[in-house]
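I opened the model to look up a sheet and then the contact between the chains. My entries follow in the order in which I made them.

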Protein chains: 2
Amino acid sequence: MDDVTIPVPELGRRARVAAADLAVRTRAEKDAALLAMADALEVHTSAITAANDADVARARENGTSEAIIDRLRLDEARITGMAGGLRQVAGLPDPVGEVVRGYALPNGLQVSQRRVPMGVVGIIYEARPNVTADAAGLALKSGNAVLLRGSSSAASSNAAVVEVLAAAAQTAGLPAEAVQLVRGEGHEPAKQLMRARGLVDVLVPRGGAGLIRSVVEESTVPVIETGVGNCHVYVDADADLAQALQIVLNAKTQRPSVCNAAETLLVHADVAARFLPDALSALRTAGVTVHGDDRVRAYDADVVAATDDDWAAEYLSLDIAVAVVDSLDDAVAHIRTWGSGHTEAIVTRSLAASRRFTATTDSAAVMVNASTRFTDGEQLGFGAEIGISTQKLHARGPMGLPELTTTTYVVTGEGHVRG
Amino acid sequence: MDDVTIPVPELGRRARVAAADLAVRTRAEKDAALLAMADALEVHTSAITAANDADVARARENGTSEAIIDRLRLDEARITGMAGGLRQVAGLPDPVGEVVRGYALPNGLQVSQRRVPMGVVGIIYEARPNVTADAAGLALKSGNAVLLRGSSSAASSNAAVVEVLAAAAQTAGLPAEAVQLVRGEGHEPAKQLMRARGLVDVLVPRGGAGLIRSVVEESTVPVIETGVGNCHVYVDADADLAQALQIVLNAKTQRPSVCNAAETLLVHADVAARFLPDALSALRTAGVTVHGDDRVRAYDADVVAATDDDWAAEYLSLDIAVAVVDSLDDAVAHIRTWGSGHTEAIVTRSLAASRRFTATTDSAAVMVNASTRFTDGEQLGFGAEIGISTQKLHARGPMGLPELTTTTYVVTGEGHVRG
């Protein structure tokens with residue numbers, strides 16, 4: 001394994017050269033490389049798990065929790081999963097070359113707006129080393145070179161995975177610099193990546209709220225903000241209450257640690273008496289701690305008194321904040337005040353309520369009679385997901401391959417000049 | 001006129017309230033307001049020109065050049081032009097509500113990705129006070145509230161225009177805070193606007209390279225970078241040389257002060273001897289100063305020796321840098337090294353050359369046998385233009401109304417939960 005740490009600007013220059021090459025590759029060439037990368041991961045499983053063992057041993061020495069160590073671990077099954085992910089990406093349509101708009105102007109000029117790769121994509125991510133293969137595959141398929149910065153705790157695993165991927169890409173005829181790892185200890189390498197304006201076209205942080213905030217604040221490279229989710233379920237006066245209960249339980253408990261899990265339940269006052277006793281009891285049975293306002297606590301003395309911190313919280317745990325609201329508009333106002341713009345759900349049989357809720361909440365996704373958990377690239381049929389954008393610029397909501405591209409206008413004439 | 005300077009954060013909060021209201025307005029309501037704003041500008045022409053006279057007088061006292069004073073001036077004709085611009089925007093389709101993608105998932109969930117307003121748009125611009133009405137109209141039509149920061153030299157004119165526009169919007173039933181001016185002396189108000197993350201959704205600087213650079217570097221609000229154009233015309237070995245000459249002259253001289261004017265001419269060595277003597281002579285006749293490399297100067301001793309500064313220059317004047325290149329790929333390499341990613345043109349009869357040039361230059365627009373001057377929202381049929389983006393995120397090339405929107409996913413089910 002190469003131990004030399006190449007400075008980020010030099011990595012960036014190499015990535016730009018690779019990007020110019022990748023931009024003109026056909027889908028067939030890129031897919032062949034993705035399949036070769038998948039095969040190579042499986043062939044080199046033992047080298048990767050050996051590197052991972054070193055990371056895990058170091059984490060243990062440092063007293064890392066078993067939960068984090070579990071995320072860090074790469075066993076044969078996970079490596080097979082990474083390979084499967086790359087094969088799946090190979091099977092997806094190539095976004096590059098898609099004509100987004102095309103038309104002829106009155107003067108005969110032909111205008112075509114086409115998807116082209118971004119160029120160089122930077123990804124900064126936390127513990128899970130399987131992100132390394134996922135991100136590399138998505139970037140490559142969309143014709144981009146990628147600079148990957150994982151956490152120091154996974155440094156050996158990430159280096160082993162990138163070495164295998166880059167070698168496979170090269171064997172398949174693509175530039176080895178299509179996939180590069182940003183190495184080095186501490187915060188400095190990530191900082192350099194954030195300052196590589198002109199070399200890196202977009203930076204996508206994948207991880208916790210702290211990581212994302214620091215990238216958004218420090219980066220001069222354009223950033224796509226991802227993932228912080230304070231998602232709400234609003235049970236309307238016209239809700240099917242049995243449906244509402246299933247949706248609340250699913251949104252809260254099916255996988256509480258992810259950004260599209262629900263964190264707050266808002267219940268219309270008209271149905272509070274019929275809904276809340278069952279809902280609070282079902283949540284408790286499911287192991288959920290309820291933090292409620294006074295109107296909620298009136299139904300159940302065991303409910304913890306909620307503070308503003310609860311309305312703002314992305315718990316990522318078996319906790320939920322619950323409030324009674326007097327109207328749909330009050331629910332929307334609560335969401336606009338406390339939400340993170342990720343996903344909100346309404347449960348209602350009323351078309352008017354559904355129309356108003358979807359029009360007035362200001363979030364990346366709105367679910368009508370469905371769990372917040374569906375805000376997910378795989379679930380929405382994108383085939384792959386690079387993250388969930390909670391910003392409004394460029395991409396909003398789950399990001400698939402097209403979100404890793406930009407467009408160019410190609411205008412064709414016969415000597416056209418302006419008069 | 002209101003003399004009180006409201007701090008930017010408070011303006012931002014008012015704008016957010018207005019934005020929530022604007023987001024649910026119909027096209028009919030917005031168009032009625034735009035037409036009322038247009039009428040109001042004409043009705044209040046004398047108040048606006050009086051305010052403008054004060055700005056012009058102050059500029060004169062400060063020794064401002066006549067060229068800048070001409071850009072600053074608002075006479076009756078220009079105010080009629082501003083009103084006409086608003087009426088034209090009223091006639092354009094409303095981007096809000098457009099379903100960008102929509103489909104049903106295998107599980108029966110209906111997915112629809114819809115255009116929605118950004119929310120609050122900030123525009124920072126230089127001398128021309130007519131931008132005030134243009135920007136307000138485009139923001140309003142796309143359902144956004146707008147915070148306008150013009151230059152101090154146009155403070156009275158901008159205040160008068162905004163007062164008229166806001167009052168007309170209010171009379172038409174929209175919130176007066178849909179259009180607000182950021183007042184105050186010096187750089188501080190603009191700085192506050194750049195730091196209003198969470199209140200302002202996107203910032204668009206319109207002006208010179210210095211303004212744009214400072215906004216890109218200082219802003220924590222997402223920025224759309226606009227306008228710096230070091231545009232190239234490449235005359236291929238297979239060019240129709242008569243066509244090439246017309247395109248070069250048009251791209252360079254039709255309006256040299258704008259970002260889509262050509263700044264560099266690259267000529268394939270195979271046609272240099274046939275093309276350059278005529279081209280250099282025609283350029284000189286048109287008053288253009290040529291800065292050339294040694295191979296160009298071999299044809300004409302009067303050509304000024306070009307330095308790296310010339311290859312990098314956005315002259316915005318009757319100057320052009322000219323180089324001879326040995327291949328199309330060398331032309332592209334020159335453009336990738338020195339260009340600003342705005343617009344490049346190729347003149348060729350070869351389909352292969354056209355294909356390669358469009359695939360390998362990395363710019364917002366590529367013209368084939370047409371002048372670089374066509375990279376323009378009006379020319380491309382957008383009906384209006386907020387600026388020309390030279391960044392890759394969100395919008396690239398001329399920006400029309402859809403570029404002032406984002407999207408939201410609306411997912412409708414019948415109690416769908418994840419298994």
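**Notebook: sheet and interface**

I began with one pair in the sheet of this predicted model: Gly122(B) stands opposite Leu147(B), a residue of E4(B). I then looked up the two strands concerned, and found that E3 (residues 120-125) and E4 (residues 145-149) of chain B run parallel and are joined by five bridges.

Widening the view, I noted an open sheet of four strands in chain B, in the order E5-E4-E3-E6, with parallel pairing. Its edge strands are E5 (179-181) and E6 (202-206) of chain B, each of which pairs on one side only, and from one strand to the next I recorded an average twist of 20 degrees. Helix H6 (residues 130-141) of chain B packs on this sheet, where it touches E3, E4, E5 and E6 of chain B, and its direction makes about 160 degrees with that of E4(B).

I turned next to the interface, where 69 residues of chain B are in contact with 69 residues of chain A. About 5,400 Å² is buried between the two chains, 53% of it from carbon and sulfur atoms; Leu393(B), Tyr409(B) and Arg418(B) supply 16% of the area that chain B buries against chain A, more than any other three residues.

For polar features I listed eight salt bridges across the interface of chain B and chain A, and looked up that between the side chains of Arg197(B) and Glu225(A), at 2.5 Å from N to O. I also noted 41 residue pairs in polar contact across this interface, both residues at pLDDT 80 or more. Last, I checked which element of chain B gives the most to the side that touches chain A, and entered E16(B), with eleven residues.

How values were computed:
Residues are numbered from 1 along each chain as its sequence is written. Chains are lettered from A and ligands numbered from 1 in the order in which they are written. This is a predicted model: local features need pLDDT of at least 70, side-chain atom pairs count only at pLDDT 80 or more; totals for chains, interfaces and linings use all residues. Side-chain values use heavy atoms; hydrogens and water are left out. Two strands pair if DSSP finds at least two bridges between them. Axes are lines fitted to C-alpha atoms, for helices over the stretch in contact, and angles run from 0 to 180 degrees between N-to-C directions. Contact means heavy atoms within 4.5 Å. Buried area is the accessible area (1.4 Å probe) that two parts lose on being put together, summed over both. A salt bridge is a side-chain nitrogen of Lys or Arg within 4 Å of a carboxyl oxygen of Asp or Glu. A polar contact is a pair of N or O atoms within 3.5 Å; within protein, one must be able to donate a hydrogen and the other to accept it, and residues adjacent in sequence count only if both atoms are side-chain atoms.
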